[in-house]
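Please look over the chain shown here, and then follow a route through it that begins with a loop, turns to the chain as a whole and ends among its packed helices.

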Amino acid sequence: MGDCKYSCATATETLDWIRAIIQFLKPYSFFWESHVVNFITHRLWEAVDEEWIDCLRNEPVEYLIQIPSGSVQEHWPSSLKKFITSLSSLAFPRKQADLKKVALLNNVITQGMNQKKRHEIEVLAAVVSSVARDVETNTVIDLGAGQGYLSQGNVLSGLKNIMKPRFINLGGKGLTIPKTVTCRVLSSDMLKTLFNSKDVDEHCHHQSTSGTCPLLLTGLHACGDLSVTMLRAFLESKEVKAVVSIGCCYNLLSEEEDNPLCGFPISRGVKSTGLHLGRNSRDLACQSADRWKVMEKDASLHNFELHAFRAAFQMLLSIYFPETLTTSPTIGRQGKALRRKRQNSKMNGLPTDECSCKPDSTSGTDEHVDTCSLFEKFSQSGLHRLNLNQPHNIDFAAIWKEAEPFVEVIGPYWSLRVALGPVLETLILLDRLLFLQEQGDSVEAVMLPIFNPNISPRNVALIAKKT
């Protein structure tokens, strides 16, 4: 990413950064409000500067996947270069902070953890321990704890006791046998009720001689509104002295007008702008520039091909199942298993399944037939996922023939659109930071990229303490 020229050390600076982002984004709503599944049916590329598309359609994929990271080529149009570098300057820097201490986990604790989870737990355990010492507590409530890995990590980094939940797992007095309360956290009031529950009271009774029990609230990739609920609970509950929150799944945030408890926006500053992002842009905020820039060429081409298949499948639905489109159908990740099956067939010399795609006078190539065949199987899988009976008259070959000329511009379009992702995520995170900064001197809050973004793309922790 390029050098960010903004600061969020104060509420004023944070709001200035937010306003700069909103001002920049406004002319490009055709990018962040759209959905790539409609690329062909809505002819989305026509909204983009024609000079940009004409330039990028001939560029190697290695150049395209660097665009979200702010990388440009000298021969590109000046307006295109300005667009990309401006986005990069508005995005929060994601390079991992220099953390002095990481809680290294032994092999017993890390059983069942993949590399990503181990990295996250080792780093977050150290951060939580440091913040816990600052607010003088050894009682931590972990929301969305999954398998409870964080509690095991904290054993190694100095905390004597930890409560470990799964949507709230409130652990007991021992280190290895947590008590569990499983519930769906719908509001900060529900959290405050749980903070005052018998499990917490008993835990604090054994840990505190003063009659009060300070709590630290944390959540590793707490999904959607749960991260926001944590922040509200932190402010509203006198027992909670600190919070360490790493959010994710921005697409699942609630965004409702006239709802004071929605997931976005939550700060007065952003609410005053009247901004509404919508599901497509919040989904785009989940894209990782760091993941893109280390993607191999074949994986990148496959990624673009799957988007082409999905856009062509949308054409199929509009022709044969138009009523289905009113429900915004989701078919999941159909293409990855399909591609693996195809590759295994080729490697093992097995015959591929018969399909309706045949060479014609304009294509006449095995590559065309192979891609068309994959599209047909992608579509059949999608129809099955949507519980739609396949009519005998679906002409997969004709649909793919109509879609194929536009495939070469899906990569450029998608790369430009993804470049907006880090800025949209920055906006969502700054809204949360500003929400805390608006409380004045009673709260000290910072944003810190604590994970390696190549391993864990959602790497920004919002750390706040009551002063």
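Helices, as the word is used here, are DSSP runs of H or I with at least four residues, strands are runs of E with at least two, and both are numbered from the N terminus. In this predicted model, that numbering places Glu136 in the loop between α6 (115–134) and β1 (140–142). Glu136 has a phi near 60°, a positive value in a residue other than glycine. Its relative accessibility is 69%, and because exposed means over 50%, Glu136 counts as exposed.

A second residue of this kind is Asn387, whose phi is likewise near 60°, a positive value in a residue other than glycine. Asn387 is found in the loop between α16 (366–385) and α17 (396–403), and at 70% relative accessibility it counts as exposed. Such values deserve a remark, because most residues other than glycine have a negative phi, and most peptide bonds are trans. The loop between α16 and α17 also holds Pro391, which counts as partly exposed at 25% relative accessibility. The C-alpha atom of Pro391 is separated by 8.3 Å from that of Tyr320, although their positions lie 71 residues apart along the chain when counted from one to the other.

Taken as a whole, the protein chain has 19 helices and five strands. Buried residues make up 54% of its 467 residues, and the accessible surface comes to about 21,800 Å², with 49% of that area belonging to carbon and sulfur atoms. Among contacts between residues at least 6 apart in sequence, 71% join residues at least 24 apart.

Which residues touch the most other members of the largest nonpolar core? In that core of 106 residues, they are Phe39 and Phe83. Once neighbours within four places in sequence are left aside, Phe83 is in contact with Phe24, Tyr28, Phe31, Trp52, Leu416 and Leu420. There is also a second, separate core of 21 residues, which includes Ile121, Val131, Ala242 and Ala461.

Ala461 leads on to Ile246, since the two residues are in contact. Ile246 has its place in strand β3 (residues 240–248) and is buried, with a relative accessible area of 0%. Apart from neighbours within four places in sequence, its contacts include Leu124, Gly219, Leu220, His221, Ala222 and Ser227, and also Ile450, Phe451, Arg458 and Val460. Of these partners, Val460 is 214 residues from Ile246 in sequence, yet the C-alpha atoms of the two are 6.1 Å apart in space.

Beyond β3, the loop that runs to α11 (268–271) contains Pro265, and a cis peptide bond with omega of about -10° joins Phe264 and Pro265. Both of these residues are in contact with Asp431, which has its place in helix α19. Is Asp431 buried or exposed? At 0% relative accessibility, Asp431 counts as buried. Its C-alpha atom is separated by 6.5 Å from that of Pro265, a residue 166 positions away along the chain. Leaving aside neighbours within four places in sequence, Asp431 is also in contact with Ile18, Ile266, Ser267 and Val270.

Helix α19 (residues 421–437) has a helical partner as well, for its axis and that of α10 (residues 225–236) come within 11 Å and cross at roughly 5°. Because an angle under 35 degrees counts as roughly parallel, α10 is roughly parallel to α19. In this pairing Ser227, Val228, Leu231, Arg232, Phe234 and Leu235 of α10 meet Arg432, Phe435 and Leu436 of α19. By class, the contact has six nonpolar, one polar and two charged residues.

The last pair to visit is α14 (residues 297–320) and α18 (residues 410–418), whose axes come within 9 Å and cross at roughly 105°. Angles of 65 to 115 degrees count as roughly perpendicular, and therefore α14 is roughly perpendicular to α18. Here Asn303, Phe304, His307, Ala308 and Ala311 of α14 meet Ile410, Gly411, Trp414 and Ser415 of α18. By class, this contact has five nonpolar, four polar and no charged residues.

Conventions
Residues are numbered from 1 along each chain as its sequence is written. This is a predicted model: local features need pLDDT of at least 70, side-chain atom pairs count only at pLDDT 80 or more; totals for chains, interfaces and linings use all residues. Side-chain values use heavy atoms; hydrogens and water are left out. A nonpolar core is a set of buried Ala, Val, Leu, Ile, Met, Phe, Trp, Tyr and Cys residues joined through side-chain atoms within 4.5 Å. Buried means under 20% relative accessible area, exposed over 50%, partly exposed in between (1.4 Å probe, protein chains only). Contact means heavy atoms within 4.5 Å. Axes are lines fitted to C-alpha atoms, for helices over the stretch in contact, and angles run from 0 to 180 degrees between N-to-C directions. Angles under 35 degrees count as roughly parallel, over 145 as roughly antiparallel, 65 to 115 as roughly perpendicular and the rest as oblique. Ala, Val, Leu, Ile, Met, Phe, Trp, Tyr, Cys and Pro count as nonpolar, Asp, Glu, Lys and Arg as charged, and the others, Gly among them, as polar. Accessible areas come from the Shrake-Rupley method with a 1.4 Å probe; for residues, only the protein chains shown count as cover.
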